[in-house]
Amino acid sequence: MEYVVFTDESYITDSRFQSLTAFSIHKNAWDKAKSELNNILASSNVTEFKWQKLNNAKNYFCAEKIIDFIFNNLSNFQMRIDILIWDTYDSRHQIYGRDDMANYERMFFHLLSASMKRRPKSAKWDIRPDQRNGIDWHTVHKCLSAKGRQQNFHHDIFGYFISDPHYFIESFQEQCSNVEPLIQVADLFSGLAVFSKESYASFVQWKQQKTPILFEEECMSFSNRQNYRFRLLEFFDRRCKADKYGVSLESKQCLFTYNPKNPINFWYYEPQHNSDKAPVKENNKML
């Protein structure tokens, strides 16, 4: 089996909650998916979809078409979308001198290794992250390759056995999101994940104001940006429920997937133990 995975992040520099998405697809479906996404962009008059530009009708309807494309092709293109969200106020991240670049590298490693291990063993992978300055991609590639080659030992009544390697990395290459629309899908899901976490209370108020009431109440005013993003969150939530993909919005007050095996997996990182801390910059290690 051969797969390609595309990654992009959102809210990395200026938000309490940050996210990174791995959007993977069977390699044989890559060209067709790219062609269909390019057609969506062209028909929407959008050169490149970016979550940060989702503040008008043109970009909203483009995002809606992308989500429809995902749901319509999840199975036949063998898609997976794993979205990792972390809280910079938790015990792992709220430390002096945190090295955000090194932390990004570790989160990338956690996300990619978990996502690739959810595919059949010994699958071959091409990894295509969005271009990002300051990341030591060589080391990330090397660590992921070493993890993939690991084999598990187990035994039963018939004796000891060694499992196949988890995965093999065939290529690892940065790409520009403006020429690779599958990276733009990762950007959309990263943005939607954090937005659902940060804006859930306002989303509930927005939905309530859409429902007619007998008595006048003071209404909140929402910006165009908020209105279009609330509409998209509602649209995505309806599609998840209609197709029974196990993605919850109300229970955790954000997009969340209880079963990580599901093909759309919103995963909130939690510190694993007391020593699980984000890396710190070299000049702060001895302070």
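**Exercise 1. The nonpolar cores**

Which residues have the most contacts inside the largest nonpolar core?

*Solution.* The structure is a predicted model, and every step below reads from it.

Step 1. The largest nonpolar core has 60 residues. Those with the most contacts inside it are I25, I70, L188, F189, L232, F236 and F266.

Step 2. Helix α5 gives the most to this core, with 10 residues.

Step 3. Take F266 as a case. With neighbours up to four places away in sequence set aside, F266 is in contact with I83, I85, F189, A193, F236, V247, L255, F256 and T257.

Step 4. A second core of 24 residues is separate, and M107, I127, Y167 and F172 are included in it.

Step 5. As background, nonpolar side chains in soluble globular proteins tend to be buried together.

**Exercise 2. Helix α5**

Determine whether the end-to-end distance of helix α5 agrees with its number of residues, and state how far the helix is covered.

*Solution.* Step 1. Helix α5 covers residues 181-198, which makes 18 residues.

Step 2. At 1.5 Å a residue, α5 should span 26 Å. The C-alpha atoms at its ends are 26 Å apart, so the two values agree.

Step 3. Of the 18 residues in α5, 16 are buried, and the helix is therefore mostly covered.

**Exercise 3. The cysteines**

How many disulfides does a search of the whole structure find? Account for the result at C62 and C254.

*Solution.* Step 1. The search finds 0 disulfides.

Step 2. C62 takes part in no disulfide, and the nearest cysteine sulfur, that of C240, is 18 Å away. A disulfide requires two cysteine sulfur atoms within 2.5 Å.

Step 3. For C254, the closest cysteine sulfur is again in C240, at 13 Å, which is too far for a bond.

Step 4. Both side chains belong to buried residues: C62 has a relative accessible area of 0%, and C254 has one of 2%.

**Exercise 4. A salt bridge between distant parts of the sequence**

Describe the pair D276 and R92, and then add N103 to the picture.

*Solution.* Step 1. The count of salt bridges comes to 15. In one of them, the side chains of D276 and R92 meet with an N to O distance of 2.9 Å.

Step 2. D276 lies in the segment after β10 (264-268), and R92 lies in the loop between β3 (80-87) and α3 (100-117); the pair therefore ties together parts that are 184 residues apart in sequence.

Step 3. D276 is buried at 9% relative accessible area, and R92 is buried at 2%.

Step 4. N103 is placed in helix α3 and is buried, with a relative accessible area of 3%. The side chain of N103 makes a polar contact of 2.4 Å with the side chain of R92.

Step 5. Apart from neighbours within four places in sequence, N103 is in contact with W86, R92, H93, A278 and P279.

**Exercise 5. Further charged residues**

Which residues are linked with R239 in a network of salt bridges? Extend the analysis to the pairs formed by E48 and R98.

*Solution.* Step 1. R239 lies in helix α7, which covers residues 224-243. A salt-bridge network links R239 with D68 and D243.

Step 2. R239 counts as buried because its relative accessibility is 17%, below the cut-off of 20%. Beyond residues up to four places away in sequence, R239 touches D68, F71 and N72.

Step 3. E48 and K50 form a salt bridge whose closest N and O atoms are 3.5 Å apart. E48 is buried at 13%, whereas K50 is partly exposed at 23%.

Step 4. R98 and D100 form another salt bridge, with closest N and O atoms 2.6 Å apart. D100 is partly exposed, at 38%.

**Exercise 6. Positive phi values**

Where are Q78 and K244 placed, and what are their phi values?

*Solution.* Step 1. Q78 is in the loop between α2 (57-73) and β3. Its phi is near 50°, a positive value in a residue other than glycine.

Step 2. K244 is in the loop between α7 and β8 (247-248). Phi of K244 is near 55°, and this too is a positive value in a residue other than glycine.

Step 3. Q78 is partly exposed, with a relative accessible area of 29%, whereas K244 is exposed, at 71%.

Note on methods
Residues are numbered from 1 along each chain as its sequence is written. This is a predicted model: local features need pLDDT of at least 70, side-chain atom pairs count only at pLDDT 80 or more; totals for chains, interfaces and linings use all residues. Side-chain values use heavy atoms; hydrogens and water are left out. Helices (H or I, at least four residues) and strands (E, at least two) are DSSP runs, numbered from the N terminus. Buried means under 20% relative accessible area, exposed over 50%, partly exposed in between (1.4 Å probe, protein chains only). Contact means heavy atoms within 4.5 Å. A salt bridge is a side-chain nitrogen of Lys or Arg within 4 Å of a carboxyl oxygen of Asp or Glu. The expected span of a helix is 1.5 Å times one less than its number of residues. A polar contact is a pair of N or O atoms within 3.5 Å; within protein, one must be able to donate a hydrogen and the other to accept it, and residues adjacent in sequence count only if both atoms are side-chain atoms. A nonpolar core is a set of buried Ala, Val, Leu, Ile, Met, Phe, Trp, Tyr and Cys residues joined through side-chain atoms within 4.5 Å.
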